[in-house]
Amino acid sequence: MTIQDTAQHNAEEEERTALRVDGLTVIGRPSDVEIISDISLQVRRGDILGLVGESGSGKTTLGLALLAHCKRATEVTSGGITLSGEPLLGRSDADVRAMRGRAVAYIPQSPASALNPALRLGTQLREALHDATGGAEPEGATAVSDTDARVREVLREVALPEDDKFLRRYPHQLSGGQQQRVAIAMAFIAFPDLIVMDEPTTGLDVTTQAHVLQTIRRMTREYGTAGVYISHDMAVVADLADDLAVMYKGDVVEHGPAARVLADPQHPYTMQLLRAVPLLKTEGHADPAEAAEDAPAPLLRVRGLRAGYGSTTVLSGIDIDVDRGECVALLGESGSGKTTLSRSLVGLHHQFSGEAVFDGEQLTTSSYRRTAEQRRRVQYVFQNPYEALNPRKRVRDLILAPYTHLVGKPAAPDGIVDNALERAALPASYGNRYPDQLSGGERQRVSIARAIATTPDLLICDEITSALDVSVQAEIVELLRNLQRDGMALLFVTHNIALVSNIAQRVAVLNKGEIVEYGDVGTVMSSPTHSYTQALIADTPDFELSVGEVQQPESPSAGTSAAGRD
Amino acid sequence: MSTATAPAPEAAAAAPGSPQRREGLFRAAWRHGRTKVGVTLVGVIVLIAVIGPFVSPYSPTELVGIPNRASVDGTVFGTDGIGRDVLSRFLHGGYTLISIAVSAALGGVLLGTVLGVIAGYQRGWLDEAIMRVNDMALAFPQLVLALLVMSIIGPQVWLIVALIGVSHACRVARVAREATLKVVEQDFVKSAEAIGLPRWRIMTAEILPNITSPLLVELGLRITYSVGLIATLSFLGMGLQPPTADWGLMINENRIAVTVQPWSVVLPVAAVALLTIGANLITDGLSRASIGIDRGVEKQ
Amino acid sequence: MSRLILYRLGYGLLTLFVVSLVVFLATQALPGDAARAILGRDATAERVAVLRDQLNLNDPLALQYGKWVAGVFTLDLGDSFANARPVAEYLGPRVAGSLTLLGLSALLATPIALLLGALSAIRRDRAADHATSMVSLVLASLPEFAVGILLILALSTGWLHLLPPVFAGTASAVLADPVQLILPVLTLAIAVSPPIVRMMRASMIEVLESEYVQQARLKGLSERVVIWRHAAPNAIGPVAQVIAVQLGWLAGGVVAVEFLFAFPGIGLALMDAISTRDIPVIQAITLLIAAVYIVVNLLADVVGLAANPKVRVSAR
């Protein structure tokens, strides 16, 4: 290769590079802690860089810094950001404003809170464009109609209506998916060189998420725009990104082509992260045990259960069995009624009818009318570990409260607390702590310890991992497996189908208040019969075979291509 | 001094390396400079009110000289409108005001808390009933309600305490209910219900300890308003009655002669002002601290 | 949305009804003979009988109330005991006087308070913000009569001698000498502003920290557009309720201020009526004050509903 060639090659490479970050450091005031340290990255036009990390890794701080924006009490202390050859940092406020929207645009995590509730969509779209054209005065009617034409064009591209009626709407009149499309349109409207996306599919159901991701992928290719996609979800990023950067405590610990990082991770944290991601197991499930002739009656038997709020029915015709020592998953998206069902079973939701028989006895609607023994034997773990523990009580008292109330004053309280903590994989010394001295994962373990202190037969887990990082989620799932091995039955409520395929023996798929598919996990995952389940499996992002090997370290690694399927 | 208070028992008891527990409301409030100023102001005024009667040179009703003179031999601040010693009346005039104000505020906060927690936790018709009655009561400004009732029965100390207390209770009930609603939303209350803990235990053991911060802030606010209201009633001639020595009444009695004898107005106005400002500064310190403290209850 | 407004309206009327019941019961139906209580022990039996008749005390309670409410609707509130003139005629100019005072105070206080609150939020944690916060905290603590006296001491009798310490005009011509109005208006404005300032600051800060304001900034909009188009309209909403409470409170706060400055309005009339036990006047004024409070709050509710696109558009 000649020098000229190299130079030309470099120039071309330079031409293709939309974003270059050199040694970027952001610190927090007044502690001077480095939130992100010495970050260097590049993204080419038309490519998407996936920026993966768990909470506290600094990924959002980095994302905002790419727009020369720092949250309160943080600032950039060193490093540079170059957008298509133009430096972004160190410019005047007015220059930075001129670059935002045109050179770099932002798609927020939650469009519901990022769209101004008091302004019409048309206004919000138009102002994004108006300013991006350098704030030039519109030259008579043509400029206005140019703006208007562009607004309609970009709406068309994200598959939204473009008529005046739609432009006059307010954000609250749109569905979550539509709001996110508006946010995407707003970001692409002024042809930016770079788009920063901060977990833009959080809170969307998997089908909507798949559509939004498709739109993002298509638009970045068509526009030749570089994308930085921030996410905690390795599966989503694996599907979407060309390159991956893994962040851990403010550092980029691994950066390279997505296929390479997924197939052959170098950094231990990346391996740990990949191993923790629950993968959709559609095959390889154990065959269901043959139903014996004299099978004992199930521990929990639900038939024709119907529940609602006021005059609205949210659940109908629910039939589920949970056998002793079995884990049954209740799979559904938000609004499917899965939490209503689990709360009915524990006596917190009172408006239900139908058969709910626990160990031969019908459960009354209110926990207050159930026997102490029933309340002891069915325990519940809540979704949000930050709200499930009374912040004014010590862990020890939290664990003892249900025991004391349901069983009686224990002769050896220390033994009960220590045993429960041990089964939840926490040291006994944690008994003296208050909840605010615990991390999210530890809090969830305390919730579990509190529930199992009464030695229940059935543990109902309501989305107990959804507020936790994946690595913590994996630990909690492991803990539940151990409990099940000790003979406890689990009703595991979740929206995550991959998780279901990893923990449950049987699954009930809940859609709009009805069970659309019910059976053993192996059958449902490998040959789903209902179209809803099929769509759910098809739309769930995952990174297929290659990392399936990573998950089982004992099998030889067959490092093949791991490109996401489109 | 800080070394004497530092070793917190729970921090010592917890395992080595366990994270520090968040500090308590009062200690967090004390970090704010305004709390210290407030405590100083309130301390000084309360001290005057409490030990004043024992150190006053004359009886508050004794005639010591010609009326309305700023300088009279044997007095520091001269005489009031009928010739009594201004300093002695000032020193005697705070005790009743402060005790009435604090009783009314305490009673109001207690009653309001009970109503608010019950309304917020039980919901349903009871909530509707309590809050609708409350709305009606709120249509009267506190001062006007007190004046309305006392216009017929006449000014009585117990009536003042009851009226101010009840009108406080309506306002406290709203705050207590809002705070309760936030706590009831949280799953630890649901968790207690799932094991069938009696409702009264849930209200006292799960909810109440988690709304103490807003209630303490409310108590501070109510004491501030009580002092202002009761001083205003006395100033209007509808509070404590002559010949009682009372700061509000002193202002009422002597404001006509403020040009020739300003002390009999300036002293009580200054005392009332410093007391309310001090109480409000403490309240503000508490409320700033409680925002930081309650954040632990919410997610992140 | 119109259904919501109708609901609020109905609820306001119900509140008004209960309030009138309270006013009536507190003044006329308390245990004991109201007429005797009013006239005192030395009154002759004849005078008591006349008064009982005047107050309809011989009728059953419900009828008494009915007659009184009917009077309220026809503005026939009876005659004042103290000066024997019809209450409506006696109070008319005083109501106008008080409304002038309240209106001027509200006009002065509201915009300044909103602006101060907004600027405080924009300059958050800087010296100007701290100063505003401290001053509003101190002023919020003071009872309004104390504010008034301190102003008198500062501006008319003690330090400077700029303004008259008392109002010397008549009820029918309160605007005749506007200089006399300065101190009462200033007192009320100072007493009413601090909560509005603090609420506006808090609301504005919340909005400025919101994601949609961050998004507006990330779109590259100028700070002027961000603050006045994106932030301020969203911040005003929660403040409207506080403004209403404060303006309603003005209706009661006016009592002490009018008493202090001898301003001929309903507040002073109420204190006069209490000292002479002039029941028809007391009833009329307390009912009026409560009614003003209810109406102002109702207006704030309706304005709040109309300003919120979520309510305005979805409930079409």
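Which residues of chain C does UniProt assign to the feature "domain: ABC transmembrane type-1"?

1. In this predicted model, residues 95-300 of chain C carry that annotation, which comes from an unreviewed UniProt entry. Helix makes up 81% of the span and strand 0%. The C-alpha atoms at the two ends of residues 95-300 of chain C are 22 Å apart.

2. Chain B has 14 helices and zero strands. Its order along the sequence is accordingly written α-α-α-α-α-α-α-α-α-α-α-α-α-α.

3. As to overall dimensions, a box of roughly 75 × 55 × 25 Å along the principal axes holds the C-alpha atoms of chain B. The chain has 300 residues, and 53% of them count as buried. Among contacts in chain B with a separation of 6 or more, 70% join residues 24 or more positions apart.

4. In chain A, one helix pair merits description. Helix α15 (residues 395-406) packs against helix α17 (residues 440-452) at an angle of about 30°, and the two axes are 7 Å apart. The crossing of α15(A) past α17(A) is right-handed.

5. The residues behind this packing can be listed for each helix. From α15(A) come Val395(A), Leu398(A), Ile399(A) and Pro402(A), while α17(A) supplies Val446(A), Ala449(A) and Arg450(A). Six of the residues in the contact of α15(A) with α17(A) are nonpolar, none is polar and one is charged. The charged residue is Arg450(A), on the α17(A) side.

Conventions:
Residues numbered from 1 in each chain as written. Chains lettered and ligands numbered in written order. Predicted model: local features only at pLDDT ≥ 70, side-chain atom pairs only at ≥ 80, totals over all residues. Axes fitted to C-alpha atoms, helices over the stretch in contact; angles between N-to-C directions. Helix = DSSP H or I, 4+ residues; strand = E, 2+ residues; numbered from the N terminus. Left-handed = near helix turned anticlockwise from the far one by under 90°. Contact = placed C-beta atoms within 7 Å. Buried ≥ 20, exposed ≤ 12 C-beta atoms within 10 Å, placed from the backbone. UniProt positions renumbered as here; feature names shortened; annotations may be inferred.
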